[in-house]
Structures are given as C-alpha cells and as structure tokens.
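Notebook open, coffee poured. I want to go through this one piece by piece and jot down what turns up.

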Amino acid sequence: MARPNVVLLVLDTARRDRVSAYGYDRETTPHFDQFAADATLYTDPVTQAPWSVPAHASLFTGQYPREHGASTVQPIFDAEAPLPERLAAAGYETYGVSANKYVRPATGFARGFDEFYGPEPGSGFGAGDWLPGNPAAGLSRVASRLGSHLARVTGTRLRKPLEAAFNAVHRRKRPISPQAARAAESEDWLLARTGSVLARAGEPYFLFVNLTDVHLPRSPAPATLDRLVEDDLRETPVIPTERAHALRDGLPDRERRAIGQLYDADLRTADARLGALLELIDDALVIVVSDHGEHLGEFGLLGHQYSVFDPVVSVPLAVSFPTDGPSRDRVEDQVEIRRLYHTILDAAGVASFPDRSLASGVGDPCARGSFTSPMVDIERLLRTGTFVYAREHMGRRLSFRRDGPTETKRVRYGDRAWSFDLPEHVSGRTSADRPLDSNRL
C-alpha cells in the first residue's frame, strides 16, 4: 500500500475555547471549522507544555517534557530519533517552514528535515535560505549538542544570568498598538515558501508548518480587525509580552475587552492563512493542531507562561485521515497531543502503534504535562499576582494531571499542590476573576 504524504500544521497559541468549531459564539476560525467538518474533530485535546519549545518537542518525540528535557533551563531540542528524522530514514522527503523564532535550526528543530525555512527568509535564522544544499539538519544537530553540553556542564549557572537579562529587557516593554505590531510581525512570506516547497516535493513527503499570527504581540490583519474588534478598541495599546505585566487586581473592563477581541482577530488572521495553506495540499494525512493556548486575564495572567491551566493546555485538533481513521467524525474523549507522533509513524508504516495512534479513536483517561519556571516564584504569582524573580526558582517544575473521566485536575508546584473541578474555578468564582487565594494552595 502506498505511504501517505503527511502534513502537520500548527496554529501556534490557539486556545480551544476560542475556536468556533468548538462552540465559541464568534466566527474566529471558518477555515478550520470547514476542515474539521470533513475530518475527525477531537473535542478534548491536551498539550503537554504551555510554550513552544517543550510542546513541539513532545509533538516530535511522543514524550513528556520530563522525558525529552526541553525546558526553560535548556530551551534546546536534543532528543534521539525525532519524528522528521525517522520519516527521512524511511524514505520520506521532509520539509519545515516555521514562523516561530523558537522552532528553528538553532534550537535543534531542523534535525531530519531535508529543508527548513524560517522565521523569515534572509533573517539569519533560516538556514535553508542562505546555505547551499541541505545544511539545516547539520546546523541543528550542532546547536542541539552544544546547547545540551553546556547545560550539563554548567547546570543552571549559565542560564540564570541570561534569564535575568531577558526578564529585565522584557519587563520594561511598553504597550503597543495593533497597527505597530502588525508592521513588525507579518508572515506573508510563509505562504510563498510553503507553496514553493510543495511544488517540487516528491512523494511521499512530510511537511511541517508553524503559523504564529495568534502569538503576542496582538497584531491582526486589517480585515479581521474591522470584523471582530469594536471601533473604539482597535488601536488600544496592549502589553506586547507576557513578562511585562502583573495583573494583581485583574484587567480593567476596557483592556480585557480589547485583549479578548484582538486575540479573536489574531486567530481569524491565522485561520485565513490556514485556509490558503489547505488549498495547496492534496492527497495527504493532514493534521491541524495548536502547540498551546493563551491566557487572556484568567488567574491574573496574559500570554502562556507561568501556567498549566486549561486556557494554555486545552487546544484544538482535527485530523483528516486518508484511510483507516476513527469510525466516527468526533472523538469526545480527552487525548494527549503527543500521540500525534505515534499517529504519523503508524500511518506512514514506519512503526506500529495501533493503540497509541489517534486513528484508534481511543482517548487518554489521564493527561499530563509541565512548565519549568524561569526564575519566577510561580506560587506567589498565582497567589498574589506579583512577580518575584529569584535564581533559586530557576528550573522548578509546575506540573498537572488532568483526569478526563472525572473532569478534575491536580496542579503541583514544588511541594505544594491544589485541585480543581473542570472548568477551573477559584473559590466558587470563575478563574478569570482574580488570582488564586492563599487558602487554595
């Protein structure tokens, strides 16, 4: 039997409850919705990490962050036999196009790809754009091995001053208008690069594409800004980075509305680009998923760090199986997105995972994941809404266990833990109201 082409499309930073296919009352994702209507929609997918490097590492290995080791302390992907490497060894042509500055050759993610492009042609990050032949995988291996060696030799000693400097710079960033952010964040090059790759790809091929339109800073396309954001909110300056805020008393109503509507417009911008990508693809196993979600004020947080709550770990997922998919169009059970690794290898005939493949339609009673602290006292942040930076917090693990059948969730940080019913609430109030009370920790 012919091996299928495989396409993995990542809608970076898309949270599930803002996707209209899942019942959101604004039309944020018409192209994803149409794709899902003709594919299998998974109604309760859970990512294994709330930011790009460890989340993509789980996608490419099928492992939990604790196993593959990519984290804030070591933001380098260095796992053995990642997905593109295994597919390439089995005869697949492999291509990567990424707008994400953390998912690139220098962080180890080009290993196994014949060609890897991004974040922008000519930026100095896209190895496949400026070196002859197939250098991206070699550069990626050197970068990942060097990064891992330094992490082993120095532990957190090297990372701590770098993290301190990074925090100092980003904490000083001022709010920025969507128009100014848009000028700096356009991804128009990505469609052209992907089209060029597909025009010359031989079969079977594996294509990975990462779209970051939904990522901070809030920067929707003008058409989606007009459609989804109220007139008086369209140029409201908003925080450009999640490390520049501390929402001790929550967001004022105007800012909350602006951030939420701008997020919806960003999601609609990404969805339009997704629709254009899907038109380029024919005859393939196609996966559309997010690596993580986004806080929009819940628990006093913006962005997707410092948290493993559902706004950042509950993501959309739809899969178009060319053959032998689940017997139903919707899989209601909770599933971990790390299983996409097993799903792709099983469909490609590279390895047999009949029970782990999402084609089985079998869910995961328990979903797990974690976030590694970048020098921030996460307990104090969640309890009081204040940032306290101290080197002893570097590398402390914030982890979760999400039990689907009972709809409960346990979150642990160091030796402290607390439990939630899903959807997550705080003392009888929705989690959007305020940070955690001390008696909940």
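How much area does the chain expose, and what share of it do carbon and sulfur atoms supply? I get about 16,900 Å² exposed, with 49% of it from carbon and sulfur atoms. Note to self: this is a predicted model.

**Overall make-up**

I looked up the secondary structure next and found 14 helices and 16 strands in the chain. Of the 441 residues, 60% are buried. I also checked sequence separation: taking contacts between residues at least 6 apart, 73% join residues at least 24 apart.

**Helix α2**

I picked α2 (52-61) and asked how many of its residues are buried. The answer is 10 of the 10, so the rest of the structure largely encloses this helix. The list runs from Ser 52, Val 53 and Pro 54 through Ala 55, His 56, Ala 57 and Ser 58 to Leu 59, Phe 60 and Thr 61. For packing partners of these buried residues I wrote down β1, α3 (65-68), α4, β5 and α13. Right after α2 comes Gly 62, with a positive phi near 75°.

Phe 60 turned up again when I looked at rings. Ring pairs link Phe 60 into a cluster with Phe 77, Phe 109, Phe 113, Phe 116, Phe 206 and Phe 208.

**Helix α13**

Since α13 was among the partners of α2, I went there next. Six of the eight residues of α13 (340-347) are buried, so this helix too is largely enclosed by the rest of the structure. Those buried are Leu 340, Tyr 341, His 342, Thr 343, Ile 344 and Leu 345. They pack against β1 (5-11), α2 (52-61), α4 (83-89), β5 (205-211), β6 (284-289) and β9 (317-320). Just after α13 I found Gly 349 with a positive phi of about 75°.

**Aromatic pairs**

How many aromatic pairs does the whole structure hold? My search gave 14. I wrote up two of them.

Tyr 306 and Phe 371 form an edge-to-face pair, 6.3 Å centre to centre with 85° between the planes. Tyr 306 sits in the loop between β8 and α12 (310-313), Phe 371 in strand β11 (366-372), and the two are 65 residues apart. Are these rings buried or exposed? Tyr 306 has a relative accessible area of 0%, and the cut-off for buried is under 20%, so Tyr 306 is buried. Phe 371, at 1%, is buried as well.

Next I took Phe 309 and Phe 420, also edge-to-face, at 5.5 Å centre to centre and 85° between the planes. Phe 309 is in the loop between β8 and α12 and Phe 420 in strand β14 (416-421), so this pair ties together parts 111 residues apart in sequence. Phe 309 counts as buried at 1% relative accessibility, and Phe 420 does so at 3%.

**The cavity**

Last stop: empty space. I found one cavity of 30 Å³ or more, and the largest cavity holds about 50 Å³. Which residues line it? I noted Leu 216, Arg 218, Val 238, Ile 239, Ile 259, Glu 294, His 295, Leu 296, Leu 302 and Gly 303. The elements giving two or more residues to this lining are β7 (295-296) and β8 (302-303). By character, the lining splits into six nonpolar, two polar and two charged residues.

Technical notes:
Residues are numbered from 1 along each chain as its sequence is written. This is a predicted model: local features need pLDDT of at least 70, side-chain atom pairs count only at pLDDT 80 or more; totals for chains, interfaces and linings use all residues. Side-chain values use heavy atoms; hydrogens and water are left out. Helices (H or I, at least four residues) and strands (E, at least two) are DSSP runs, numbered from the N terminus. Buried means under 20% relative accessible area, exposed over 50%, partly exposed in between (1.4 Å probe, protein chains only). Contact means heavy atoms within 4.5 Å. Accessible areas come from the Shrake-Rupley method with a 1.4 Å probe; for residues, only the protein chains shown count as cover. On a 1 Å grid over the protein atoms alone, a cavity is a set of points where a 1.4 Å probe fits but cannot get out, and a pocket is an open set with protein on both sides within 12 Å along at least five of seven lines; lining residues have an atom within 4 Å of a point. Grid points are joined across faces, edges and corners, and a volume is the space filled by probe spheres set on the points. Ala, Val, Leu, Ile, Met, Phe, Trp, Tyr, Cys and Pro count as nonpolar, Asp, Glu, Lys and Arg as charged, and the others, Gly among them, as polar. Rings of Phe, Tyr and Trp (its six-membered ring) pair if their centres lie within 6.5 Å; planes under 30 degrees apart count as stacked, over 60 as edge-to-face and the rest as tilted.
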